[in-house]
Amino acid sequence: MDKISPHESLDLYLRTLGHLDEKYVTGPDNDLEYYILEELNIDAHTFLHKNTVDILIYEELIPHSVAENTDKLRTLIIDIIERKRTLHEIRFDSEWNNARHLARVILDEIKNFKIKNI
């Protein structure tokens, strides 16, 4: 299997954060189940992992400042997927809301980083 490039890793990292987008919370049940309980559950383990984040920081694709929040988010996601799997919990639970908020904070930091480095 070929190793993925840093830019491909960045796309997968951003896609993983995107699984927490509000559009899934207000969308159909089957989308919410798929993007949270299947895609996010798998992707958080890999694409939010410290090794991936370290590569992205080293390649200057994301700011160093997101490392700690990414680790917090990864831990939170893995924990709450194990405990809170009902659609109602995913939509309205405070821990899920915290995960969505943290993903937005990370995405905003990356956006600002990219703007500064244009």
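Start by selecting Pro63, which in this predicted model sits in the loop between α4 and α5. Leaving out residues up to four places away in sequence, Pro63 touches Ile57, Glu109, Ile110 and Phe113. Its relative accessibility is 9%, and Pro63 therefore counts as buried, the cut-off being under 20%. If you add Pro6 to the selection and draw a line from C-alpha to C-alpha, you will find that Pro63 and Pro6 lie 14 Å apart in space, although 57 residues separate them in sequence.

Next, select Ile62, which is also placed in the loop between α4 and α5. Ile62 counts as buried because its relative accessibility is 1%. Show its surroundings, again without the neighbours within four places in sequence, and you will see that Ile62 is in contact with Leu10, Tyr13, Val53, Leu56, Ile57, Ile110 and Phe113. Glu109 is worth displaying here as well, since its C-alpha is 8.4 Å from that of Ile62, while the two residues are 47 apart in sequence.

Now move to helix α1, residues 6-18. The 13 residues of α1 should span 18 Å at 1.5 Å a residue, and the end C-alpha atoms are 18 Å apart, so the two values agree. Colour Ser9, Leu10, Tyr13, Thr16 and Leu17, which are the buried residues of α1, and then turn the view to look down the helix axis: these buried residues fall within an arc of 125°, and they therefore line one face of the helix. An α-helix has 3.6 residues a turn, so residues three or four places apart point the same way. On the other side of α1 you will find His7 and Asp11, which are exposed. The elements that cover the buried residues of α1 include α3, α4, α5 and α7.

Stay in α1 and pick out Ser9. With a relative accessibility of 8%, Ser9 counts as buried, and its contacts, apart from neighbours within four places in sequence, are Ile4, Thr52 and Leu56.

Keep α1 displayed and add helix α7, residues 94-116. Two packed helices are described by the angle between their axes and the distance between the axes. Here the axes of α1 and α7 come within 10 Å and cross at roughly 140°, and the two helices are therefore oblique to each other. To see what makes the contact, show Leu10, Tyr13, Leu14 and Leu17 of α1 together with Ala103, Ile106, Leu107, Ile110 and Lys114 of α7. Sorted by class, this contact of α1 with α7 has eight nonpolar residues, no polar residues and one charged residue.

From there, select helix α5, residues 67-83, whose 17 residues reach 25 Å from the first C-alpha to the last, close to the 24 Å expected at 1.5 Å a residue. Asn69, Thr70, Leu73, Arg74, Leu76, Ile77, Ile80 and Ile81 are buried in α5. Bring α1, α3, α4 and α7 back into view, as these helices are among the elements that cover the buried residues of α5.

For the last stop, go to Glu39 in helix α3. Is Glu39 buried or exposed? Its relative accessible area is 18%, so Glu39 is buried. When residues up to four places away in sequence are not counted, Glu39 touches Arg15, His19 and Tyr34.

Definitions and conventions
Residues are numbered from 1 along each chain as its sequence is written. This is a predicted model: local features need pLDDT of at least 70, side-chain atom pairs count only at pLDDT 80 or more; totals for chains, interfaces and linings use all residues. Side-chain values use heavy atoms; hydrogens and water are left out. Axes are lines fitted to C-alpha atoms, for helices over the stretch in contact, and angles run from 0 to 180 degrees between N-to-C directions. Helices (H or I, at least four residues) and strands (E, at least two) are DSSP runs, numbered from the N terminus. Angles under 35 degrees count as roughly parallel, over 145 as roughly antiparallel, 65 to 115 as roughly perpendicular and the rest as oblique. Contact means heavy atoms within 4.5 Å. Ala, Val, Leu, Ile, Met, Phe, Trp, Tyr, Cys and Pro count as nonpolar, Asp, Glu, Lys and Arg as charged, and the others, Gly among them, as polar. The expected span of a helix is 1.5 Å times one less than its number of residues. Buried means under 20% relative accessible area, exposed over 50%, partly exposed in between (1.4 Å probe, protein chains only). The arc is that of the directions from the helix axis to the C-beta atoms.
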